[in-house]
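Thanks, everyone, for making the time this morning. I would like to walk you through one model, and I will ask you to keep the sequence and the structure in view while I talk.

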There are 2 protein chains.
Amino acid sequence: MSITIKDVAKQANVSISTVSRVINDSKPVSDDIKMRVVKVIEELGYKPNPVARSLVTKKSRLIGVLIPDISDPYIAELLNAIEEVAKTYDYDIILCNSYGSLESEEHYMHLMQTKQVEGMLFLTYKLRTSHKNFFEKSQMPVVMINRDASELNLSSVSVNNFDAVRELTSKLFEDGHEDIVLIRNGKESDVFGPSQYEGFKQAHEDHGKSFDEESVYNGSFQVKHAYDIVRGLIQDKKVPDAIVATTDSMAVGAINSLVDGGYKVPEDVSVAGFYDTKIAELYRPRLTAIHQPIYDIGAVAIRLLIKQITGEAKETTHFYLPHDLIERESTRKK
Amino acid sequence: MSITIKDVAKQANVSISTVSRVINDSKPVSDDIKMRVVKVIEELGYKPNPVARSLVTKKSRLIGVLIPDISDPYIAELLNAIEEVAKTYDYDIILCNSYGSLESEEHYMHLMQTKQVEGMLFLTYKLRTSHKNFFEKSQMPVVMINRDASELNLSSVSVNNFDAVRELTSKLFEDGHEDIVLIRNGKESDVFGPSQYEGFKQAHEDHGKSFDEESVYNGSFQVKHAYDIVRGLIQDKKVPDAIVATTDSMAVGAINSLVDGGYKVPEDVSVAGFYDTKIAELYRPRLTAIHQPIYDIGAVAIRLLIKQITGEAKETTHFYLPHDLIERESTRKK
DNA sequence: TTGTAAGCGTTATCAG
DNA sequence: CTGATAACGCTTACAA
């Protein structure tokens, strides 16, 4: 039997409403009574029962975070930020890992509703109609990560993927590479796919290069996939000058494949990654990559969500956070 | 205004108790009434309010998971398992990331209590008295991960770290290495430190080698730390034949340091890791490492916890899961 | 400024 | 088998 507001009231010789008032300081309470109550609370070690509280206030102080893969280092770092700032606002996180399966996502979206989370952070590999429908129906505050969700009339935060890929590709052209291949997350996945694709194309245009659809490969987030794609390239004797991967681990997969096939990186082929997760610095050669302010993306997203929950933010907005091009050892000037 | 049990009762022309009964099928309800109610529930899309439910049943269907670092790949994989099996039992996870800070851990442990989680999974770098006190007071079911917690009278699951290090070190001796160094997580951290240390020592004894305290270095979970330790070794011209790191990323840090210092791995020095996380296969040279059934550890832990919650498991037990020695390219026979 | 009492949406007890 | 009704612990009008 835990100790309740009643116990405190009795012990302090006041009504429970008074106790409630001092807990929330929602209404004026005379100083002496307040002190008395506070003292009793301390003595008894009373903690308000959040469940009872939620029942009446309809607020759970819970935020749902729906992501496709916890073990993705990018997502892990995001989570660090989310968790940390949520804590400072006294919110807790309910974590849901969908493995990218739509079924799972749907399951969780409903769960969130019934669990009365106050808002949710959403990161998906592929955005679908059923997501859209859900967000429209449930009036729950949502912010989307790593994707511009203005089309859904949702707030979101990400880097500008178009610019990032364009910049990275351009840099490679400027370094004297002619034949560049893009390995991106499966065609299916259009999280940031479209604009990355466009950025890649744009860079060709910028440098007066002809663009060939064939130079874009659709991998997946799996390392092995990138590995296999490059192995295919080697077998077909279509090894390019440079490879842009839209994930650090895909870049690593590509490099491994190249090395296993007898090529040197960056001497024979330049390879660049995306995100700049820990492995970029850890792997040898160190990865040239687009650095994303991952922690900040998470932090901005959760703050934005909390503002929406409290009503401080009304309009939906999209935040683009700045990225950087970090040159390391996996690319070179020709 | 969400739809409640009352609405269903009214619509179906029964009392709310009847509705409650069909929801939980806690008591017999005649078939026709049951059908009527079910139908109304479907039509109205009624979902019981878990908060109200919790208030009366004192059950939250929430499990707290307290860990020191989400972005540690080992922990991320653990989380995958935890999350996945929790879902099948219809529990949700509240995730708390302490960054290894005791203060944070204490904060969260109390939070768990007030949030009425039904049980918790606990993973810490260092076990302290205040943890012990907490677990004793709160009668909450707890299972400890990666550490034998029998001394706290708590259930736990891990591999046998003593055996694992002993085996790995022995293998290195058998391969002809003489001078082996152990780089483990900081001395402070005694998660698995003591028994790993003992295992290392035991291997020396097993092979009739003299053991020198000096061959044990206390790093931290940080890659950089391992890197620096090895750099120090190089500067002091005390480069050993082989290095055992108690973490894959520490092994990578060690190798990087060696390579940057002009040594070849495994030609000059053999380096072995621990855990066998993704990077072991990704990095070149591929890491020789102790493989841990990480997913299984998580899965067993959460199942055990749930059993404790439901009362199926009464006794506290410690599970040792089997490990493997995976030989790859970062070590060699001399 | 303080207290009384009516909920919040369920489950559970107890009659019928 | 079914229906009132009392909790659960708290917030919040409404009175005093």
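**An enclosed helix, two DNA strands and a cavity**

Let me begin with helix H11 of chain B, where 11 of the 13 residues are buried, so this helix is largely enclosed by the rest of the structure. By buried I mean under 20% relative accessible area, with exposed being over 50% and partly exposed in between, using a 1.4 Å probe and the protein chains only. Before going further, I should say that this is a predicted model, in which local features need pLDDT of at least 70 and side-chain atom pairs count only at pLDDT 80 or more, while totals for chains, interfaces and linings use all residues. Residues are numbered from 1 along each chain as its sequence is written, chains are lettered from A and ligands numbered from 1 in the order in which they are written, and side-chain values use heavy atoms, with hydrogens and water left out.

Helices here are DSSP runs of H or I with at least four residues, strands are runs of E with at least two, and both are numbered from the N terminus. H11 of chain B covers residues 248–260 and reaches 18 Å from its first C-alpha to its last, close to the 18 Å expected at 1.5 Å a residue, where the expected span is 1.5 Å times one less than the number of residues. Among its buried residues are B:Asp248, B:Met250, B:Asn256 and B:Leu258, and just after the helix B:Gly262 takes a positive phi of about 95°.

Now to the DNA, where I call a residue near a strand if one of its heavy atoms lies within 4 Å of it. Around DNA strand C there are 28 residues, and A:Ser17, A:Thr18, A:Arg21, A:Ser30 and B:Ile5 come nearest. Of the atoms of strand C within 4 Å of the protein, 66% belong to sugar or phosphate and the rest to bases.

Which part of DNA strand C lies 2.3 Å from a polar side-chain atom of A:Arg21? The partner of A:Arg21 is a base oxygen, whereas a side-chain N or O atom of A:Lys58 is 2.9 Å from a sugar or linking oxygen of strand C, and one of B:Asn24 is 3.1 Å from a phosphate oxygen of strand C. The elements giving two or more residues to this surface are helices H2 (16–24) and H4 (50–57) of chain A, together with H2 (16–24) and H4 (50–57) of chain B.

Turning to DNA strand D, 27 residues lie around it, with A:Ile5, A:Tyr46, B:Thr18, B:Arg21 and B:Ser30 coming nearest. A polar side-chain atom of B:Arg21 lies 2.3 Å from a base oxygen of strand D, while a backbone N or O atom of B:Ser15 lies 3.2 Å from a phosphate oxygen of that strand. The largest share of the surface near strand D, 5 residues, comes from H2 of chain A.

Finally, the structure holds 6 cavities of 30 Å³ or more, and about 210 Å³ of space lies in the largest cavity. H4 of chain A and H4 of chain B each supply at least two residues of the lining of that cavity, which includes A:Pro50, A:Lys115, B:Pro50 and B:Lys115. A cavity, on a 1 Å grid over the protein atoms alone, is a set of points where a 1.4 Å probe fits but cannot get out, and lining residues have an atom within 4 Å of a point.

How values were computed: A polar contact is a pair of N or O atoms within 3.5 Å; within protein, one must be able to donate a hydrogen and the other to accept it, and residues adjacent in sequence count only if both atoms are side-chain atoms. On a 1 Å grid over the protein atoms alone, a cavity is a set of points where a 1.4 Å probe fits but cannot get out, and a pocket is an open set with protein on both sides within 12 Å along at least five of seven lines; lining residues have an atom within 4 Å of a point. Grid points are joined across faces, edges and corners, and a volume is the space filled by probe spheres set on the points.
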